[in-house]
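Trainee: I should like a close look at a single part of this structure. Could you take me through the salt bridges, one pair at a time?

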Amino acid sequence: SIPYLFVYSELITIIRQMLSSLINEENFDDLALINNYFSIHEKCIETLFLTSYLDQLRKMYLLRISHISRLFEKKLMIHYENHLKWLIKLVDFIQNIEGKGCPELRHTHCQFGKWLHETTFTYLVSTSHFKSIENLHANLHNLAANLVHYAAKPNARSSTLIHFMQRIDYTSLEMGNEIAILNEIEVSSKDPLTKLLFRRLLN
């Protein structure tokens, strides 16, 4: 439950103290041994943290999908639900779950991206929130592409994968906030009885 960076910082402090003691004692024979010992444990802890972190993300995304599914009217949130499903597919791919292929990396070709780039409703497209979502979504897919490319390397570090997923999750949360605002605009723009645009927007 402790953030990885805190644990890593503690490990760095310990190794520095140990190496400093060995240098002061002029015990140079054990320097390489201790350094190698630290590297082995560092990789082990990284792997454990990555597994735990990806499991937490998957549960969190499933919970968000569950919340959206209980909405009386999903409106624009159904598109964010598609985005969350894409995130789960990315997590499954990084976890090397059998049969789980790479998610769509082109930001105009995923389900969320198709909606985003095919929307023609002026009262939504003209808002700063819509433009912000476009930028965030393109940035998120760029991060995902870099993550997938890095994960394919034989010497890929779990700590770097954690860093990538943290940035992707943060970007996704920003998108969620903007979509929630856009959803409110959608709801407040239409008559609740007829579902038609109010006169000002219709004009």
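Mentor: What follows is an account of the salt bridges, and then of one helix contact.

The model is a predicted one, and the structure holds five salt bridges.

One of these joins the side chains of Arg157 and Glu42, with 3.3 Å from N to O. This pair ties together distant parts of the chain: Arg157 belongs to the loop between H6 and helix H7 (158-188), Glu42 belongs to helix H2 (residues 31-69), and 115 residues separate them. Arg157 has a relative accessible area of 29% and is therefore partly exposed. Glu42, in contrast, is buried because its relative accessible area is 10%, and the cut-off for buried is under 20%.

A second pair is formed by the side chains of Arg58 and Asp92, which meet at 2.7 Å, N to O. Here too distant parts of the chain are linked, with Arg58 in helix H2 and Asp92 in helix H3, 34 residues apart. The relative accessible area of Arg58 is 27%, so this residue is partly exposed. Asp92 has a relative accessibility of 2% and so counts as buried.

The salt bridge between Glu81 and Lys85 has its closest N and O atoms 4.0 Å apart. Both residues lie within helix H3, with a spacing of four residues, or about one turn of the helix. Glu81 counts as buried, because its relative accessibility is 8%. Lys85, at a relative accessible area of 45%, is partly exposed. Beyond the single pairs, Glu42, Glu46 and Arg157 are joined into one network by salt bridges that share partners.

In general, side chains of opposite charge can pair when their charged atoms come close.

The helix contact is that of H4 with H6. The axes of H4 and helix H6 (residues 128-151) come within 11 Å of each other and cross at roughly 145 degrees. The crossing of H4 past H6 is left-handed. On the H4 side the contact is made by Phe112, Gly113, Trp115, Leu116 and His117, and on the H6 side by Phe130, Ile133, Glu134 and His137. Sorted by class, these residues are five nonpolar, three polar and one charged.

His107 sits in the loop between helix H3 (77-94) and helix H4 (111-118). Not counting residues up to four places away in sequence, His107 touches Gly113, His117, His137, Ala138 and His141. With a relative accessibility of 28%, His107 counts as partly exposed.

Technical notes. Residues numbered from 1 in each chain as written. Predicted model: local features only at pLDDT ≥ 70, side-chain atom pairs only at ≥ 80, totals over all residues. Heavy atoms only, no water. Helix = DSSP H or I, 4+ residues; strand = E, 2+ residues; numbered from the N terminus. Buried < 20%, exposed > 50% of the residue type's maximum accessible area, 1.4 Å probe, protein only. Contact = heavy atoms within 4.5 Å. Axes fitted to C-alpha atoms, helices over the stretch in contact; angles between N-to-C directions. Left-handed = near helix turned anticlockwise from the far one by under 90°. Nonpolar A, V, L, I, M, F, W, Y, C, P; charged D, E, K, R; others polar.
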